[in-house]
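User: I should like to learn how to read the features of a structural model, beginning with its internal spaces. Please give the general idea in each case and then turn to the example at hand.

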Amino acid sequence: MKKITMLLSMVVVSFTVYSQNFEEPQIDTVAFTKVKPFIGADFALQYQALTHFSDSVNLIPLGTGFNLPTANMTIGADLASGVRVVLETYLSARHHNEAWVKGGYLLIDKTPFIKSEAIDKAMEYLTLKIGVMELNYGDAHFRRSDNGHVITNPFVGNYIMDGFTTAPALEMYFRNKAGIIAMAGLTQGSLKPTLVSYNATTQGYSAYFTENELSFYWKAGFDKQMNEDLRLRLALSGFEGKHHSLSLYSGDRTGSRYYLIMNPITYNPKDVDITVNHTSGNFGPGSVLNDNSLMLDLFTKYKNIDFFGLYEMAKGTNTFNKDYNFSQYAFEGLYHFGGDKQFYLGARYNHVNDQDDQAVNRIQGIAGWSMTKNILTKLEYVDQKYENFTAYKGASAGFKGIMFEAAISF
């Protein structure tokens with residue numbers, strides 16, 4: 001409760017001008033004349049100069065240089081007035097070098113296929129989203145890097161406990177001019193849907209039924225431009241679900257930006273394989289059997305200073321049948337300057353701990369340059385430390401250094 005109070009109190013001293021987007025805006029139904037496809041793409045490249053250490057474990061040596069270039073592609077079309085389809089594809093990623101589909105969904109802001117004045121009136125405030133898509137749990141996923149799409153993340157690294165996954169889902173939104181936001185979602189909850197599995201040890205099969213493994217998630221909040229200078233957004237999100245392999249905290253198939261950090265020496269080729277331990281630097285529940293999570297997010301925007309903060313709790317049972325209890329908080333601020341506010345400086349502090357008092361602390365400092373609305377460069381200093389970790393026998397461990405990232409999105 002003390003941490004939540006601290007987070008809310010920061011609003012009185014924290015403001016922003018950062019061009020932050022959250023839920024997709026409603027489709028411009030007036031502009032529709034015929035089916036028109038559109039295409040978008042994202043490209044990102046990092047230069048890494050990090051060092052890592054552990055007083056109890058021998059870690060692989062790290063050089064400096066460029067990481068694997070990553071790219072995304074988005075294809076979509078407005079199929080009717082207020083009806084849009086979107087297909088998202090990863091072209092190159094740390095965990096998969098080949099192209100593969102992230103997901104696809106249908107966005108409905110109007111129902112021209114149903115002749116009803118009552119429904120038309122309701123759809124002025126409602127949005128329906130259905131498909132295989134990024135689940136809208138919390139607001140942190142709007143500020144994270146997603147493979148080649150990094151232009152919405154003012155920093156290089158994502159949050160330590162990364163509540164992000166794609167899965168078959170249905171979301172219903174309510175939004176009005178007063179700034180009220182409400183969302184209810186239903187999902188199968190897993191990155192890899194399956195009907196049956198086989199256990200080679202027991203030589204047994206397990207059949208799975210979606211109706212027995214559904215997860216419910218929701219969001220309620222307030223988001224409004226209070227005046228010409230000030231925008232305020234406060235949102236509370238929840239997730240409750242069960243599945244034989246629920247992936248809310250293990251759904252990043254692309255990998256973190258901190259390559260090969262904290263990899264121990266085992267004299268195995270996998271020690272230097274970037275696809276192994278591809279979420280290096282993260283800490284969270286992983287793949288779970290059941291989960292109950294809450295996230296509180298605060299975003300403020302005033303002139304040339306911005307602030308974002310979050311507090312999150314996650315409880316449940318992981319796939320090793322061990323109960324977990326994680327908490328996370330983070331707060332960050334950015335200051336924009338220049339004639340077009342194209343430069344910014346900022347800092348983020350992120351902390352995560354679990355039921356065993358294992359903790360991760362990360363400090364990030366950032367300098368960015370938005371050359372255009374579609375081109376961004378960032379220079380980040382990161383310092384992350386692990387406390388009371390069993391893997392490091394409770395000894396001192398961590399990594400730090402410089403990351404440079406360049407990104408293009410259109």
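User: How much space lies in the largest cavity?

Analyst: A cavity is a space that a 1.4 Å probe fits into but cannot leave. In this predicted model, the largest cavity holds about 70 Å³ of space. The structure has 3 cavities of 30 Å³ or more.

User: Which residues line the largest cavity, and how are they divided by class?

Analyst: The lining is made up of Tyr137, Ala140, His141, Arg144, Tyr159, Met161, Asp162, Gly163, Met295, Leu310, Glu312 and Gln328. By class, 6 of these residues are nonpolar, 3 are polar and 3 are charged.

User: What is the volume of the second largest cavity, and what lines it?

Analyst: The volume of the second largest cavity is about 60 Å³. Its lining includes Arg144 and Asp162, together with Gly157, Asn158, Asp252, Gly255, Ser256, Arg257, Tyr258, Asn282 and Arg362. Arg144 and Asp162 also appear in the lining of the largest cavity. By class, the second lining has 1 nonpolar, 5 polar and 5 charged residues.

User: How should a pocket be read, and what is the volume of the second largest pocket?

Analyst: A pocket, unlike a cavity, is an open set of points. The second largest pocket has a volume of about 1200 Å³. It is lined by 48 residues, and those closest to its centre are Ser250, Thr279, Gly284, Gly286 and Ser287. Strand β15, residues 323–337, gives the largest share of the lining, with 3 residues. The class count of this lining is 19 nonpolar, 21 polar and 8 charged residues.

User: Let us turn to strand pairing. With which strand does β11 pair, and how many residues join the two in the hairpin?

Analyst: Strand pairing is read from the bridges between two strands. Strand β11 (residues 215–225) runs antiparallel to strand β12 (residues 230–246), and 11 bridges join them. The hairpin from β11 to β12 passes through 4 residues. One bridge sets Lys224 against Leu232 in β12.

User: Which further strand pairs with β12?

Analyst: Strand β13, residues 288–302, pairs with β12 in the antiparallel sense over 14 bridges. Within this pairing, Lys242 has Asn290 of β13 as its bridge partner.

User: Thr300 lies in strand β13. Is Thr300 buried or exposed?

Analyst: A residue counts as buried when its relative accessible area is under 20%. Thr300 is buried because its relative accessible area is 1%. As for its place in the fold, the C-alpha atoms of Thr300 and Leu59 are 41 Å apart in space, and the two residues are 241 apart in sequence.

User: How many bridges join β5 to β6, and how many join β6 to β7?

Analyst: Strand β6, residues 126–134, pairs with β5 in the antiparallel sense over 5 bridges. Here Leu107 stands opposite Lys129 in β6. Between β6 and strand β7 (residues 166–175), also antiparallel, there are 9 bridges. The partner of Ile130 in β7 is Leu170. In a regular strand, side chains alternate between the two faces of the sheet.

User: Where is Ser116 placed, and how accessible is it?

Analyst: Ser116 is in the loop between β5 (100–108) and α2 (117–122). Its relative accessible area is 22%, so Ser116 counts as partly exposed. The C-alpha atoms of Ser116 and Gly286 are separated by 46 Å, with their positions 170 residues apart along the chain. Gly286 is one of the residues closest to the centre of the second largest pocket.

User: Which rings take charged groups over their faces?

Analyst: A charge over a ring is read from the distance to the ring centre and the angle to the ring normal. Lys129 lies over the face of Tyr105, 4.4 Å from the ring centre. The charged end of Arg233 sits over the ring of Phe22, at 4.0 Å from its centre.

User: How many aromatic pairs does the structure hold?

Analyst: There are 21 aromatic pairs in the structure. In one of them, Phe389 and Tyr392 are tilted, at 6.1 Å centre to centre with 35° between the planes. Both Phe389 and Tyr392 are buried. Ring pairs also link these two with Phe283, Tyr324, Phe326 and Tyr386 into a cluster.

Definitions and conventions: Residues are numbered from 1 along each chain as its sequence is written. This is a predicted model: local features need pLDDT of at least 70, side-chain atom pairs count only at pLDDT 80 or more; totals for chains, interfaces and linings use all residues. Side-chain values use heavy atoms; hydrogens and water are left out. On a 1 Å grid over the protein atoms alone, a cavity is a set of points where a 1.4 Å probe fits but cannot get out, and a pocket is an open set with protein on both sides within 12 Å along at least five of seven lines; lining residues have an atom within 4 Å of a point. Grid points are joined across faces, edges and corners, and a volume is the space filled by probe spheres set on the points. Ala, Val, Leu, Ile, Met, Phe, Trp, Tyr, Cys and Pro count as nonpolar, Asp, Glu, Lys and Arg as charged, and the others, Gly among them, as polar. Rings of Phe, Tyr and Trp (its six-membered ring) pair if their centres lie within 6.5 Å; planes under 30 degrees apart count as stacked, over 60 as edge-to-face and the rest as tilted. Buried means under 20% relative accessible area, exposed over 50%, partly exposed in between (1.4 Å probe, protein chains only). A charge sits over a ring if NZ of Lys or CZ of Arg is within 6 Å of the ring centre and within 35 degrees of the ring normal.
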